[in-house]
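Thank you all for coming; I would like to take a few minutes to walk through one structure with you, beginning with a sheet and ending with a pocket.

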Amino acid sequence: MSNPTERIFELRELIKKYRDSYYTEDVSLVSDAEYDGLEKELAALEAQYPELASGSPLEEVGGSVSNTFDPVQHLEPMMSLDNAFSFDELSAWAERVGPGPYLCELKIDGLAINLRYLNGKLVSAATRGDGVTGEDITLNAKTMSQIPLELKGENHPEQIEIRGEVYFALDDFQKLNEGLIASGNAPFANPRNSASGSLRQKDPEVTKTRPLKLLVHGFGAWTDHNLKSQSDVYTLLATWGLPVSERAKSFDSLPEVMEFIDQHLKLRHSLEHEIDGVVVKVDDLGRQQQLGFTSRAPRWAIAYKYPPEQVQTRLTDIKVSIGRTGRATPYAVVEPVLVAGSTVEFATLHNQDVVAAKGVLIGDTVVLRKAGDVIPEILGPVIQSRDGSEKKFEMPKLCPECGTELAPAQEGDVDLRCPNAKSCPAQLRERIAYLGSRSALDIEALGYVSATALTQPASPAPVVFSEADVFDLTLEELLPIRAYVLDPDTGEKKLDAQGNPKIVDYFKKKNGEPGEIAHKLLANLEQAKQSPLWRILVSLSIRHVGPVAARALADHFGSIQRIFEASEEQLSEIDGVGPTLAESIKSWIEVDWHKEIIDRWRASGVKLEIDDHPGPGKLAVDGVLAGQAVVVTGSLEGMTREEVEEAIRAAGGKPASSVSKNTSFLVAGPGAGSKLTKAEQLGIEIIDLNQLRTRLGI
């Protein structure tokens with residue numbers, strides 16, 4: 001088993017990456033089953049090591065909010081749903097919530113939307129976002145014929161939030177793709193991602209051309225209603241002209257619910273839209289209110305997930321990719337096969353031990369599982385199909401990208417690693433891409449494609465040989481770069497009709513003038529020089545140092561220099577760091593080319609310290625919230641959650657994710673749920689955002 005601390009941070013990075021890709025980029029990088037497995041593994045590890053649980057993505061809902069649209073705060077949070085994968089898990093949920101009636105509705109694989117009406121008139125439409133803040137897509141939503149600009153009937157509430165799912169009907173999706181192909185454009189991969197991408201277009205006129213549909217499945221804030229059940233809600237919403245599913249049904253007993261689930265599993269491929277399960281809710285609204293919410297999901301509802309689809313195809317090869325820390329990861333190359341609405345050519349195999357455990361051979365017919373994702377999973381071989389020509393996979397002894405001998409797995413680890421951190425093209429490419437990611441410096445123009453163009457251009461020579469070069473880039477260096485066209489899903493080079501890699505001028509226009517990406521990258525880099533110190537630390541790709549540890553280090557020491565001058569003992573004493581991270585930090589700075597990164601960044605004007613920091617260990621002592629643990633819940637008018645938490649940290653406090661007897665006080669906004677209830681039960685002080693501002697003097 002790998003080091004638990006390392007695995008926790010690795011899982012958090014993966015979960016955040018996959019969430020951001022899914023919710024803000026409309027791309028599914030892993031199967032639903034694999035993602036659910038990552039969350040389960042992380043939950044188990046955090047329960048085992050509670051001292052590392054702070055800042056967990058499991059406390060969050062959805063993904064981040066992109067910069068493409070203006071932010072919109074929901075009046076009440078848009079929660080996720082807990083999942084059940086078997087009737088045993090569904091039965092356990094039913095025992096917790098009590099007897100029926102239960103309302104069952106099909107779980108459409110689409111994009112969640114929040115419609116806000118004032119006195120019956122639509123005033124805003126927003127995506128789920130992170131559950132508290134979504135993206136303003138009002139103009140796009142108004143182009144959809146199924147979304148009424150004004151509700152029918154009379155006596156509408158003064159204010160109401162309507163929640164629903166935007167999707168493509170399968171016939172409409174097929175016609176859309178046929179039109180794209182006929183016009184020479186690439187077809188969409190699957191209905192869910194194409195629906196999300198269509199609704200989140202910058203130009204509403206593009207959205208208008210897409211046959212998007214809506215089904216309503218709930219509500220958020222609602223003033224003065226006296227309805228008794230969710231079924232009654234749907235009946236009323238239908239009279240207002242809102243599209244409600246005709247397949248939603250209420251049952252008194254759990255066996256009837258299970259029969260409904262089985263029935264629609266059989267009908268899954270004959271429906272007009274894709275589904276990935278059935279949502280089961282306590283129908284009684286009074287009981288819903290009594291059951292309440294966890295930090296991310298209602299206790300009164302659960303999603304029964306259908307098994308991912310499976311197909312058979314041929315495993316033609318097993319290749320190895322190298323990650324930013326040198327990790328060597330095998331992946332499967334399969335004969336192209338259509339599954340879950342997209343053509344699959346690659347599948348994950350995790351590591352060499354997994355390959356051996358699955359017993360797959362190159363040339364095997366394999367069972368491939370996919371649930372609307374891009375990189376599916378190989379379940380195992382169809383042994384009866386073997387003809388003797390299959391070959392056993394052997395992990396390479398040399399790095400496939402730089403030729404360096406791979407280092408054997410260390411104690412507690414299973415992965416081989418390329419030790420050539422400085423010069424391995426794969427590691428450099430991945431580190432530069434990570435440096436620009438949301439987890440690190442959040443440089444919009446420095447994604448995977450840009451990182452590849454800078455480190456591995458088609459021509460001329462690379463301009464980035466280490467992180468040290470990033471902040472010294474000039475327009476003169478960027479303009480000559482010609483880059484390979486990469487597949488956005490796999491990172492593989494795209495080929496032209498003759499089978500040669502496609503190559504383009506990446507940073508300049510056809511007339512030779514600098515392109516938008518060149519100006520944007522340089523502007524983003526200039527802004528990134530003023531990033532918070534913890535983000536600078538994360539961007540260095542020091543093994544084990546993620547956002548939680550980086551914040552703790554930055555707050556305690558206040559500067560890069562103090563952090564690297566500290567002893568292992570001093571580092572390990574910091575809450576959230578510990579001996580493993582301390583050793584990793586000291587090992588990192590002892591490398592000469594790592595020191596060069598710091599020196600070059602400092603010379604380039606990168607801010608490597610916190611202004612007016614009083615010295616090691618003094619920041620938290622001197623703040624007005626010194627030593628206080630503060631929990632923030634509900635929506636926050638005028639400030640993002642990150643801004644509020646940064647203000648708490650700046651005042652010496654510690655933002656906490658859950659309420660306990662050690663919580664100093666709770667900051668509660670509209671939509672506060674179970675955390676507010678628990679704080680009231682424990683007698684913890686509760687204030688609103690304005691009161692917090694007064695205390696902090698902001």
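In which sense do strand β3 and strand β10 pair, and over how many bridges? Before I answer, please keep in mind that this is a predicted model, in which local features need pLDDT of at least 70 and side-chain atom pairs count only at pLDDT 80 or more, while totals for chains, interfaces and linings use all residues. Residues are numbered from 1 along each chain as its sequence is written, and side-chain values use heavy atoms, with hydrogens and water left out.

Strand β3 (residues 102-108) and strand β10 (residues 275-282) are antiparallel and share seven bridges, where pairing requires that DSSP finds at least two bridges between two strands. Strands here are DSSP runs of E with at least two residues, and helices are runs of H or I with at least four, numbered from the N terminus. Within this pair, Lys107 has Gly277 of β10 as its bridge partner. Both strands belong to an open sheet of five, ordered β2-β11-β10-β3-β9, with mixed pairing. Its edges are β2 (83-84) and β9 (249-251), each of which pairs on one side only.

Turning to the pocket, which residues lie nearest the centre of the second largest one? They are Thr325, Gln410, Arg417, Arg543 and Ser584, out of 33 lining residues. A pocket is an open set of points on a 1 Å grid over the protein atoms alone, where a 1.4 Å probe fits, with protein on both sides within 12 Å along at least five of seven lines, and lining residues have an atom within 4 Å of a point. Helix α20 gives the largest share of that lining, five residues.
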